[in-house]
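Thanks, everyone. Let me put the structure up, and then I'll walk you through it.

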Amino acid sequence: MHSHNTLPLMFVGQGVRARLVGISGSQRTAHRLAELGFVPGVELSVVADSGSALMVAVGDTRLALGYPLAQALLVAVLEKGAS
């Protein structure tokens, strides 16, 4: 169960730190995202937004995610960036 404070990653905005709380979508999507390091509890932030994809920082790794995958990641905002 997700709280009302969760939202898809693609809506948090650049420079915002968030914690992954869940993954929506198919089991295949969840599995693929988990392989990339997107597991519940991990902290991440949006480094850049191209308009169709996000550059996401997970630990020391940067990954590009298209909006469909970014929409599957449900996060809770931890801290707004300085943008």
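Start with one residue. Ser45 is found in strand S3. Keep in mind that this is a predicted model.

Is Ser45 buried or exposed? Its relative accessible area is 19%. The cut-off for buried is under 20%. So Ser45 counts as buried, because 19% falls under that cut-off.

What does Ser45 touch? Leave out residues up to four places away in sequence, and the list is Val16, Arg17, Met55, Val56 and Ala57.

Now take Leu44. Leu44 is found in strand S3 as well. Leu44 has 3% relative accessibility, so this residue is buried too.

Which residues does Leu44 touch, again leaving out those up to four places away in sequence? Among them are Leu9, Val16, Arg17, Ala18 and Leu20. Phe38 and Val75 are on the list too. So are Val56, Ala57 and Val58.

Here is a distance for Leu44. Along the sequence, Leu44 and Gly59 are 15 residues apart. In space, their C-alpha atoms are 7.0 Å apart.

One general point about strands. In a regular strand, side chains alternate between the two faces of the sheet.

Next, the strand pairing. S3 covers residues 43-49. Which strand does S3 pair with here? S2 and S3 are joined by 3 bridges, and they run antiparallel. Look for Ala18: its bridge partner in S3 is Leu44. That puts Leu44 in the pairing and in contact with Ala18.

Move along to S2 and S6. S2 spans residues 17-23. S2 and S6 pair through 6 bridges, in the antiparallel sense. Find Arg19, and you will see Ala76 of S6 standing opposite.

S6 has another partner. S1, residues 6-8, is joined to S6, residues 73-79, by 3 bridges. These two strands also run antiparallel. Here Leu7 stands opposite Val75 in S6. Val75 came up before, as a residue that Leu44 touches.

Now a contrast. Where is Lys80? Lys80 sits in the segment after S6. Is Lys80 buried or exposed? Lys80 has a relative accessible area of 61%, so it is exposed. The cut-off for exposed is over 50%.

Lys80 still has contacts. Lys80 touches Gly15 and Val16, not counting residues up to four places away in sequence. Val16 is also touched by Ser45 and by Leu44. And how far is Lys80 from Ser50? They are 30 residues apart along the chain, and their C-alpha atoms are separated by 19 Å.

Step back to the whole protein. How many helices and strands are there? There are 2 helices and 6 strands. Along the sequence, the pattern reads β-β-α-β-β-β-α-β. The radius of gyration is 11 Å, and the globule rule gives 12 Å for 83 residues, so the protein is as compact as a globular protein of that length.

The C-alpha atoms fill a box of roughly 35 × 25 × 25 Å, along the principal axes. Of the 83 residues, 30% count as buried. Ser45 and Leu44 are examples.

Look at contacts between residues at least 6 apart in sequence. Of these, 62% join residues at least 24 apart.

Last, the surface and the charges. About 4900 Å² is exposed, with carbon and sulfur atoms supplying 53% of it. There are 6 positive and 5 negative side chains. The centres of those two sets lie 4 Å apart.

Technical notes: Residues numbered from 1 in each chain as written. Predicted model: local features only at pLDDT ≥ 70, side-chain atom pairs only at ≥ 80, totals over all residues. Heavy atoms only, no water. Helix = DSSP H or I, 4+ residues; strand = E, 2+ residues; numbered from the N terminus. Rg over C-alpha atoms; globule rule 2.2 N^0.38 Å. Buried < 20%, exposed > 50% of the residue type's maximum accessible area, 1.4 Å probe, protein only. Contact = heavy atoms within 4.5 Å. Areas by Shrake-Rupley, 256 points an atom, 1.4 Å probe, with all protein chains shown as cover. Lys, Arg positive; Asp, Glu negative; His and termini not counted. Charge placed at Lys NZ, Arg CZ, Asp CG, Glu CD. Pairing = 2+ DSSP bridges.
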